[in-house]
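Q: I am new to this structure and would like to be walked through it. May I put some short questions as we go?

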Number of protein chains: 2
Amino acid sequence: MSTSEIYRTLPEQIAARLRQEVLSSKLKPGDPLREVDLSERFGVSRGPVREAFRQLTQQGLLVLEPNKGVRVAQNPSVEVRPLVVRLRRTIETFVLKSIFERITADDLSYWEDILADIKAACESNDVDALTEHDLRFHQAIIRSHDDKDLFALWQPIAMRMMMHYNRLDDIMDSYREHKRILDAIQAGDKTAALDALETNIQ
Amino acid sequence: MSTSEIYRTLPEQIAARLRQEVLSSKLKPGDPLREVDLSERFGVSRGPVREAFRQLTQQGLLVLEPNKGVRVAQNPSVEVRPLVVRLRRTIETFVLKSIFERITADDLSYWEDILADIKAACESNDVDALTEHDLRFHQAIIRSHDDKDLFALWQPIAMRMMMHYNRLDDIMDSYREHKRILDAIQAGDKTAALDALETNIQ
DNA sequence: AGGTTGCAAATTGTCAACAATGTACACTTA
DNA sequence: TAAGTGTACATTGTTGACAATTTGCAACCT
């Protein structure tokens with residue numbers, strides 16, 4: 001997502017691009033995606049495109065119907081949304097709690113970099129960039145846990161929250177919320193950090 | 001899994017078979033899976049096998065390393081396991097709560113059928129069959145919710161709990177626990193049903 | 001001996017052709 | 001006209017060949 005980021009495989013690159021377009025609503029819920037179109041667009045054969053489709057399906061961004069192809073997934077219904085929020089809070093607070101005492105200076109400086117990106121995105125009113133860096137911020141927390149499996153558990157839940165969603169009136173609030181999380185961590189105030197994190201997830 | 005069950009696609013059939021072998025520990029954590037081996041075994045080309053691998057990866061049963069292939073995933077660590085339990089309880093109780101008033105006679109008779117299978121598996125001490133029907137029981141509850149997306153959210157979490165796990169000393173306890181859930185539902189006792197469900201998930 | 005380099009084999013990744021399936025629409029029939 | 005049927009067309013599913021990558025091992029150097 002970050003433009004300089006290097007992806008290992010072809011399907012990953014394609015998936016990253018499509019994910020960005022779904023999260024930024026360039027692709028809207030229900031839109032069909034054709035294998036041939038995308039393979040021509042990316043200059044590859046249908047194989048890698050199919051695999052990118054499977055990856056995004058696993059993340060909940062696309063929906064697959066056998067013999068019919070994929071479409072952009074619908075947003076979670078109003079009924080299910082509170083559940084998704086609860087699940088995501090459960091995972092992220094679990095991780096923050098369990099790593100809190102082991103947070104390193106490197107972790108902090110990395111998170112500060114992301115926070116700076118969030119600030120820049122807010123100031124230039126760039127919603128797409130904000131979505132990207134918001135995601136990176138929370139990803140970074142999850143990934144700081146030793147158990148890599150947690151990320152696979154968290155991703156589909158978080159993605160469902162990130163789709164076409166904008167709960168804030170003032171975009172700068174996003175920066176403030178993330179700053180509050182990081183400030184509390186730096187102050188060593190676990191309770192405040194967890195509270196700030198829960199506030200940010202809704 | 002149920003022998004008469006019909007799968008739509010080739011990859012689904014392959015995935016179902018491999019899932020059974022992982023859940024029954026015929027395939028053990030860390031075991032590598034080779035595309036050619038399995039394509040020969042199932043009499044298909046590597047394509048459908050690859051896709052089955054992707055499906056099982058999404059369910060958390062396999063782990064994929066680019067250019068290196070897939071291996072059977074490790075069990076969740078003792079540290080993460082309580083989180084997985086909490087997530088699964090959150091989803092299943094959410095579903096049971098929200099469908100409780102709309103449960104039909106058809107639902108109940110279907111669940112009773114599965115309970116009978118569970119009983120039979122317990123009585124013949126068939127752990128593999130028990131795992132299968134245990135899964136079917138909870139799947140049936142999740143699937144009774146209108147929002148089909150819930151299943152995709154639930155599956156990877158539930159699968160991680162089902163892997164190589166056997167918490168009960170007496171296998172018949174599994175039957176008793178599921179019977180308690182169904183009895184409470186039939187009695188219309190929501191609180192008791194939710195409590196029985198939580199007891200069963202650990 | 002310890003470490004490095006360079007094959008050769010095993011394995012996954014990608015591609016393009018062909019098969020199977022689903023879809024749209026004109027055509028028939030009552 | 002309305003319902004059903006047949007037939008092209010569009011699209012996904014599967015296959016086997018070839019390319020790229022990783023891995024194990026032997027030969028080599030220091």
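Q: How much area do chain A and chain B bury between them?
A: In this predicted model, chain A and chain B bury about 2700 Å² between them, and 60% of that area is on carbon and sulfur atoms.

Q: Which residues of chain A lose the most area to chain B?
A: They are Phe94(A), Leu153(A) and Arg160(A), which together make up 20% of what the chain A side buries.

Q: And how many residues are in contact across the two chains?
A: On one side there are 30 residues of chain A, and these are in contact with 31 residues of chain B.

Q: What about polar contact across the interface, how many residue pairs are there?
A: The rule finds eight residue pairs in polar contact between chain A and chain B, counting pairs with both residues at pLDDT 80 or more.

Q: Which elements of chain A give two or more residues to that side?
A: Helix 3 (46–58), helix 4 (81–99) and helix 7 (149–162) of chain A do so. The largest share comes from helix 4 of chain A, with eight residues.

Q: How do the residues on the chain A side divide into nonpolar, polar and charged?
A: The side of chain A that touches chain B has 12 nonpolar, seven polar and 11 charged residues.

Q: Turning to salt bridges, how many cross the interface?
A: The rule finds six salt bridges across the interface of chain A and chain B. Over all chains, the structure holds 32.

Q: Which pair ties together parts that are 11 residues apart in sequence?
A: That pair is Glu35(A) and Arg46(A), whose side chains meet in a salt bridge at 2.9 Å, N to O. Glu35(A) lies in helix 2 (residues 35–42) of chain A and Arg46(A) lies in helix 3 of chain A, so the salt bridge links parts 11 residues apart in sequence.

Q: Is Glu35(A) buried or exposed?
A: Glu35(A) is buried, because its relative accessible area is 17% and the cut-off for buried is under 20%. Arg46(A), in turn, is partly exposed, with a relative accessible area of 43%.

Q: Which pair joins two chains?
A: Glu51(A) lies in helix 3 of chain A and Arg54(B) in helix 3 (residues 46–58) of chain B, so this pair joins two chains. Their side chains meet in a salt bridge at 3.1 Å, N to O, and both residues are buried.

Q: Which residues are linked in a network of salt bridges?
A: The network links Glu35(A), Arg46(A), Arg50(A), Arg54(A) and Glu51(B).

Q: Where do Asp183(B) and Lys179(B) lie?
A: Both lie in helix 8 (residues 172–186) of chain B, four residues apart, about one turn of the helix. Their side chains meet in a salt bridge at 2.8 Å, N to O. Asp183(B) is partly exposed at 35% relative accessibility, and Lys179(B) is partly exposed at 31%.

Q: Changing topic, which residues touch the most other members of the largest nonpolar core?
A: The largest nonpolar core has 129 residues, and those touching the most other members are Leu33(A), Trp111(A), Ile185(A), Leu33(B), Leu96(B), Trp111(B) and Ile185(B).

Q: What is Trp111(B) in contact with, leaving aside its neighbours within four places in sequence?
A: Trp111(B) is in contact with Ile99(B), Ile103(B), Phe137(B), Ala140(B), Ile141(B), Ser144(B), Leu182(B) and Ile185(B).

Conventions. Residues numbered from 1 in each chain as written. Chains lettered and ligands numbered in written order. Predicted model: local features only at pLDDT ≥ 70, side-chain atom pairs only at ≥ 80, totals over all residues. Heavy atoms only, no water. Core = buried A, V, L, I, M, F, W, Y, C linked by side-chain atoms within 4.5 Å. Buried < 20%, exposed > 50% of the residue type's maximum accessible area, 1.4 Å probe, protein only. Contact = heavy atoms within 4.5 Å. Buried area = accessible area lost by both parts, 1.4 Å probe. Salt bridge = Lys/Arg side-chain N within 4 Å of Asp/Glu carboxyl O. Polar contact = N/O pair within 3.5 Å; in protein donor to acceptor, adjacent residues only side chain to side chain. Nonpolar A, V, L, I, M, F, W, Y, C, P; charged D, E, K, R; others polar.
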